[in-house]
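I opened this notebook page to look up two things, the surroundings of the ligand and the pairing of aromatic rings.

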Amino acid sequence: MPLEIVRNDITKMNVDAIVNAANESLLGGGGVDGAIHRAAGAGLLDECRTLGGCKTGKAKITGGYSLPAKYVIHTVGPVYRDGNHGEKALLESCYRESLALAKEHGFETVAFPLISSGIYGYPKDRALKVAVDVISDFLLENDMTVYIVIFDKAAYRISEKLFADIAEYIDDNYADEHTDHRRESIRMKAPFCASADAVKADFCEYMEMPVEAELDAKIKQIDESFSQMLLRKIDEKGMTDAQCYKKANIDRKLFSKIRSDIHYKPSKPTAIAFAISLELSLEETEDMLRKAGFALSHSNKFDIIIEYFISRGNYNIFEINEALFAFDQSLLGA
Ligand code: AR6
């Protein structure tokens, strides 16, 4: 998955490069900087001494020494004062410059801490938003797997308002299986109906379609697999394949597999990620999920959160993932 938010100690990440939230001297400090220097060993400080420091918003690279990561990209975040001193632009620049260095070195995997969000005081929710926005923009144009590493759960909070809103939506819907009473009554009637035609007519009246047209449409859909529906929808939406899988936060290899195997059965989070990327309505999402053998259920928090976002027309996969993470659910994507 191109962007993953994980809870971990960044010094344990086995990636091409981890990013260090350093200070302008590049000679070590507290927080994540201290942890990285301790885990890397003295060789890291020796190399840092040769770099001549680093300006706020810029980035420099060293080896990883005893870390599992091969390299360390050191960047210097802004000290947060009140948000009116160019802090956001500088923080964006840290992510951009670090990603540019990673790209220049041909890295495939990079892990970031939430820069500036500790000792430098940048509010964590806003620091996370900056990270997600800049990294997702970068991933629209580049192939790389980027991790945002969250050290402690408290560091990762969606806004109180959104959290409360989703919590209320879950409360209202959890385990309260949605029942369409009309559909239910048709189902109930069927066993007692003398004539099959009556049931069919009732069904078609419900669907407000002529019987033959309805049946025709249904039969045509029988043979359409998940993969075929996905490709059809990409065309209908006028998207390119790359736009679709990148927006879905799915990597190219997985997309190629789905494209070349019409019977491919994706995982549920993958199927939902495509529905979000294609901005499908709730009904279309359910249809697409059915083709992969899944459904959205009100007995499941994950599903309710997805429904919450789709029904509000919010298709920002990174925001959805933030909310899923906040509610301890698995994230969307491959
Ligand atoms: N793994 C992942 N994240 C971590 C880890 C870890 N091992 N340790 C802390 N964090 P900070 P800053 C998180 O203070 O705000 C240093 O002294 C932490 O919870 O490390 O950019 C430098 O030398 C927080 O969310 O960096 C500078 O002087 C995030 O990493 C100054 O601190 C960043 O917190 C930089 O301050």
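The entries below take the ligand and then the aromatic rings.

**Entry on the shell.** I kept in mind throughout that this is a predicted model. I looked up which residues surround the ligand and found 22 of them, the closest being Gly30, Val32, Asp33, Ser117 and Ile119. When I sorted the residues of this shell by character, they divided into 10 nonpolar, 8 polar and 4 charged.

**Entry on polar atoms.** I then looked for backbone partners of the ligand, and noted an oxygen atom of the ligand 2.7 Å from a polar backbone atom of Gly30. For Ile119 I also read 2.7 Å between a ligand oxygen atom and a polar backbone atom, while for Tyr120 the distance from a ligand oxygen atom to a polar backbone atom came out at 3.0 Å. I next looked up the area, and found that the ligand taken alone exposes 710 Å², of which the protein buries 91%.

**Entry on the site.** I asked which pocket holds the ligand, and it turned out to be the second largest pocket. The elements that give two or more residues to the shell are strand S2 (17–22) and helix H1 (31–40), and I noted that H1 gives the most, with 4 residues.

**Entry on aromatic rings.** I counted 8 aromatic pairs in the structure. I looked into one of them, Tyr169 with Tyr308, which is edge-to-face, with 5.2 Å centre to centre and 75° between the planes. I placed Tyr169 in helix H5 (residues 160–173) and Tyr308 in helix H14 (residues 301–311), so this pair ties together parts that are 139 residues apart in sequence.

Terms used. Residues numbered from 1 in each chain as written. Predicted model: local features only at pLDDT ≥ 70, side-chain atom pairs only at ≥ 80, totals over all residues. Heavy atoms only, no water. Near = heavy atom within 4 Å. Polar contact = N/O pair within 3.5 Å; in protein donor to acceptor, adjacent residues only side chain to side chain. Areas by Shrake-Rupley, 256 points an atom, 1.4 Å probe, with all protein chains shown as cover. 1 Å grid on protein atoms, 1.4 Å probe; cavity = no way out; pocket = protein on both sides within 12 Å on 5 of 7 lines; lining within 4 Å. Sits in = over half its atoms within 2 Å of the grid points. Nonpolar A, V, L, I, M, F, W, Y, C, P; charged D, E, K, R; others polar. Phe/Tyr/Trp six-rings, centres within 6.5 Å; stacked < 30°, edge-to-face > 60°.
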